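Subject: Structure handover

Hi,

Here is the structure for you to load. My notes on what turned up follow below it.

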Amino acid sequence: MNVVTRQRGGILPLTIASVLWGVWTTAEKYSLSGLPVMTVLGVSLAAATALLWAALLNKGHRRPNRAQLRLLAVLGLLEPMLGYAAISMGLVHIEATQGALLSGTESCFVVALAAIVSRRLPTVRGITGVLLATAGVALLSGAHATLGLTPGDLMVLLGSLAAATSTIVAGRAVLDLEPLVVTAYQFTFGFLFTLPLLAWQWATDGGDGAATARPGHWFVVVVVCGGGLAAAFLLFNHAITRVSVSAAGVVLNIIPLFGLLAATLLLGESVNRWQCFGAVLILGGIFLFTESDVEG
């Protein structure tokens with residue numbers, strides 16, 4: 001039986017997290033229509049960090065040691081700081097549908113990185129799953145997609161690579177720490193790494209970058225982007241204690257599907273038949289993976 005079917009205890013929270021991440025792309029795109037990139041990122045990370053620390057202080061925890069803090073700092077640098085900063089910069093130039101669909105490459109990066117770390121090749125089914133999912137992501141760009149990538153596309157791909165690397169690191173970080181502790185410290189470091197860039201942006205535009213923002217922009221940034229990210233990461237860090245890193249990476253393939261749906265319904269962006277066919281290929285790739293695939 002496929003590992004994704006067997007380990008329901010981890011798959012359900014991973015699926016919910018994927019829904020939240022998919023909706024995040026649409027919310028981020030809307031927020032960027034009224035606020036500068038670093039303002040959106042900084043405010044959303046601040047909101048997420050505050051919510052996570054409120055939950056952590058209410059529960060109580062053992063403070064991580066120095067080695068664990070260094071690992072959590074790396075985790076925060078990779079994601080949310082680098083990963084979401086790059087994706088946000090890309091979303092300034094491309095539609096939310098395209099950004100969400102390109103994020104589907106994260107699972108392929110996870111599988112490749114896990115294979116390198118474990119020094120073990122995936123099974124034939126695993127390789128087929130990666131190729132199928134990759135083909136699906138390519139088709140989601142449309143019938144006339146080419147190998148030429150815009151700067152916005154490249155930024156989203158860079159963000160996906162950073163997020164995939166964070167997935168590998170997170171698999172080790174939660175071994176000795178509770179998921180809530182990992183997530184709270186991860187976002188704390190990510191927010192701290194964002195502050196210099198936020199200060200630079202405010203100094204550059206004189207603080208006028210948010211002049212066109214409406215109350216709705218601020219609400220979406222704080223509640224949907226901030227609160228949604230906090231919930232998604234908490235669910236993810238909880239789930240990878242129950243499933244393998246490779247299985248977690250596979251489930252992340254469904255993020256672009258929810259992103260596509262959210263962008264279509266909430267932003268009115270169009271979807272063609274090739275994108276629908278690509279979505280089917282991505283789902284097919286998900287269920288080809290087994291437990292033996294690239295498990296380190």
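A residue counts as buried when its relative accessible area is under 20%. Keep in mind that this is a predicted model.

Start with α6, residues 105–118. Its buried residues are T105, E106, S107, C108, V110, V111, A114 and A115. The helix has 14 residues and reaches 20 Å from its first C-alpha to its last. That is close to the 20 Å expected at 1.5 Å a residue. Just after α6 comes R119, with a positive phi of about 55°.

Next, α3. At 1.5 Å a residue, its 23 residues should span 33 Å. The end C-alpha atoms are 33 Å apart, so the two values agree. G60 follows α3 and also has a positive phi, near 85°.

How do α3 and α9 pack? Their axes come within 8 Å and cross at roughly 150°. Angles over 145 degrees count as roughly antiparallel, so α3 is roughly antiparallel to α9. The crossing of α3 past α9 is left-handed. In this contact, 19 residues are nonpolar, eight are polar and one is charged.

Last, the core. The largest nonpolar core has 57 residues. Those touching the most other members are L14, W21, L72, Y84, Y185, F187 and L229. Helices that each supply at least two residues of this core are α2 (8–32), α3 (37–59), α4 (66–91), α8 (151–173), α9 (179–205), α10 (215–239) and α12 (255–267). So the packed pair α3 and α9 both feed this core.

Best wishes

Technical notes. Residues are numbered from 1 along each chain as its sequence is written. This is a predicted model: local features need pLDDT of at least 70, side-chain atom pairs count only at pLDDT 80 or more; totals for chains, interfaces and linings use all residues. Side-chain values use heavy atoms; hydrogens and water are left out. Helices (H or I, at least four residues) and strands (E, at least two) are DSSP runs, numbered from the N terminus. The expected span of a helix is 1.5 Å times one less than its number of residues. Buried means under 20% relative accessible area, exposed over 50%, partly exposed in between (1.4 Å probe, protein chains only). A nonpolar core is a set of buried Ala, Val, Leu, Ile, Met, Phe, Trp, Tyr and Cys residues joined through side-chain atoms within 4.5 Å. Axes are lines fitted to C-alpha atoms, for helices over the stretch in contact, and angles run from 0 to 180 degrees between N-to-C directions. Angles under 35 degrees count as roughly parallel, over 145 as roughly antiparallel, 65 to 115 as roughly perpendicular and the rest as oblique. A crossing is left-handed if the near helix is turned anticlockwise from the far one by less than a right angle, and right-handed if clockwise. Ala, Val, Leu, Ile, Met, Phe, Trp, Tyr, Cys and Pro count as nonpolar, Asp, Glu, Lys and Arg as charged, and the others, Gly among them, as polar.
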